[in-house]
Amino acid sequence: AKTLRGGVTSTPEFMARNFIRDQFDAFIQSKVGFRPGIDTIGALADVMKKSDVYYDWLRSGGGHSTFVDLSRQNLEHMAKGLRGDESALKYLNVINDAQQISQAIEQATRLGVYKAAIRSGKTPIEAGFMAREGTVDFGVHGESKGLKTFSSITAFFNPAIQGTDRFIRAHTDNPLSTATKAIASITIPSVALWFINKDDPDYKELPRWQKDLFWCIKVGDRGDPITWIRVPKPFLYGQVYGSAPERFLEYLDTKDPKAVKDFAQTLIDSATPAQGDPAGVFLPTAIRPLIENATNWQFFGEKPIVPESRENLLPYMQYGKYTTETAKIIGKKLNWSPSKIENFVRGVSGGTGQYSLEAMDLALSIINGKEEKGKRPTEWADIPLVKGFVTRPVETDPQSLRDFYENTKKIEASYMSYRESLKTLDIKEAEVIRKEYPKMMIYPSV
């Protein structure tokens, strides 16, 4: 769990997206006039240079609440800094690895809330508490020893619980202010963007999870390479105040029963800590990628790891367009699926593991000294940091193809069940199946 947390939070994509999401959370949940972006940029300068206000914030108890800095090493460095240890201060002043950069960005929003609270006349202790509550206080844990133990082996269990708890408390303590800010900053932009995208066939091909977690803005047009810019929605607020209204409008516009199903699923996802990825919250981190590979199902993206079109190939040939050459080489040596190798690496070490595979690809190309045959052109989604804010071309993973395979499997299963009922002379059951799945009657007989 520790390895995955470090691997996820060390990528530039996480840092940038987390920065944006934190601005929404702090704006909606704080009561001291926090100004998104403005207060955070100023606070980031204080974090980088370790100004007096930064140490005032630490002394108030406002620190130690971010997702990144709650490790023994980081807490030890902070404690030494507060005691005036020059070597520790030097270490803190020089942000020389990705974890420190991620921590500094995460701290900046909380320090921004602290400074806003001081401006409004709060005492340092009050301001420190408000800083912790401005987003999600990851230093909070329940009293149950069992849950604490489970949280230590499951990378994102406690953050999911605390995020849901903070969302509920914000609406309980300040229902009108919370709802007003959320509607102004999330619902109105979401509805406006939905009206812009609703008739675009390329928008309809985007996977549901992308539309639920991001605001998607189209760049390019027919005949040109089409890219969708993905602006991250804040967790939970984005789904309740953004995605749910979008799905409801989709149903009103199309009267498609599937839109109702999507809308209901979005509400369920929004109301639970799992938020569409129960496996990521409730499965111990060490076994999740093993289960995914065994079942050939990626829980978060809700799609097969090995595409249906390649499932019947030999294991070492089971890969996609974007699979790294390193994974293909390993797969061929061991007769394993390269797609599943990559899924395991990501499941254990997050985006950092994927970067390692890509770095090995680069090293191999330098060693070989020649361009590989048939190598695809570089896309925006291949560029570090940029990849966190753009999609792959929609034709690489279209929603319509997912729907096709899903419907095909349902029709095949219902048809074979219907035939089995007839074979065993269970006419009543056969009639029930025929009425429930009328489309199977057009399935070609074998």
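Helices α18 and α19 are roughly perpendicular to each other. In this predicted model, their axes cross at roughly 110 degrees and come within 7 Å. Because angles of 65 to 115 degrees count as roughly perpendicular, the crossing of α18 and α19 falls in that class. On the α18 side, the contact is formed by Glu 325, Thr 326, Ala 327, Lys 328, Ile 329, Ile 330 and Gly 331. These meet Pro 338, Ile 341, Glu 342, Leu 357, Met 360, Asp 361 and Leu 364 of α19. Sorted by character, the residues of this contact comprise eight nonpolar, four charged and two polar.

The loop between these two helices, α18 (325–334) and α19 (338–368), is a natural place to look next, and Ser 337 is found there. With a relative accessible area of 5%, Ser 337 is buried, since buried means under 20%. Leaving aside residues up to four places away in sequence, Ser 337 touches Val 306, Pro 315 and Gln 318.

Following the chain past α19 leads to another loop, the one between α19 and α20, which holds Leu 385. The backbone of Leu 385 deserves a glance: its phi is near 70 degrees, a positive value in a residue other than glycine. Leu 385 counts as partly exposed, at 39% relative accessibility.

A positive phi also turns up at Lys 255, where the angle is about 55 degrees although the residue is not a glycine. Lys 255 sits in the loop between α14 (237–254) and α15 (257–271). Its relative accessibility of 53% makes Lys 255 exposed, because the cut-off for that class is over 50%.

The other helix pair to consider is α20 (residues 399–423) and α21 (residues 427–436), whose axes come within 8 Å and cross at roughly 160 degrees. That angle makes α20 roughly antiparallel to α21, because values over 145 degrees count as such. The crossing in which α20 passes α21 is left-handed. From α20, the contact draws on Ser 414, Ser 417, Tyr 418, Ser 421 and Leu 422, while α21 supplies Ile 427, Glu 429, Ala 430, Ile 433 and Arg 434. Five nonpolar, three polar and two charged residues make up this contact of α20 with α21.

How values were computed:
Residues are numbered from 1 along each chain as its sequence is written. This is a predicted model: local features need pLDDT of at least 70, side-chain atom pairs count only at pLDDT 80 or more; totals for chains, interfaces and linings use all residues. Side-chain values use heavy atoms; hydrogens and water are left out. Axes are lines fitted to C-alpha atoms, for helices over the stretch in contact, and angles run from 0 to 180 degrees between N-to-C directions. Helices (H or I, at least four residues) and strands (E, at least two) are DSSP runs, numbered from the N terminus. Angles under 35 degrees count as roughly parallel, over 145 as roughly antiparallel, 65 to 115 as roughly perpendicular and the rest as oblique. A crossing is left-handed if the near helix is turned anticlockwise from the far one by less than a right angle, and right-handed if clockwise. Contact means heavy atoms within 4.5 Å. Ala, Val, Leu, Ile, Met, Phe, Trp, Tyr, Cys and Pro count as nonpolar, Asp, Glu, Lys and Arg as charged, and the others, Gly among them, as polar. Buried means under 20% relative accessible area, exposed over 50%, partly exposed in between (1.4 Å probe, protein chains only).
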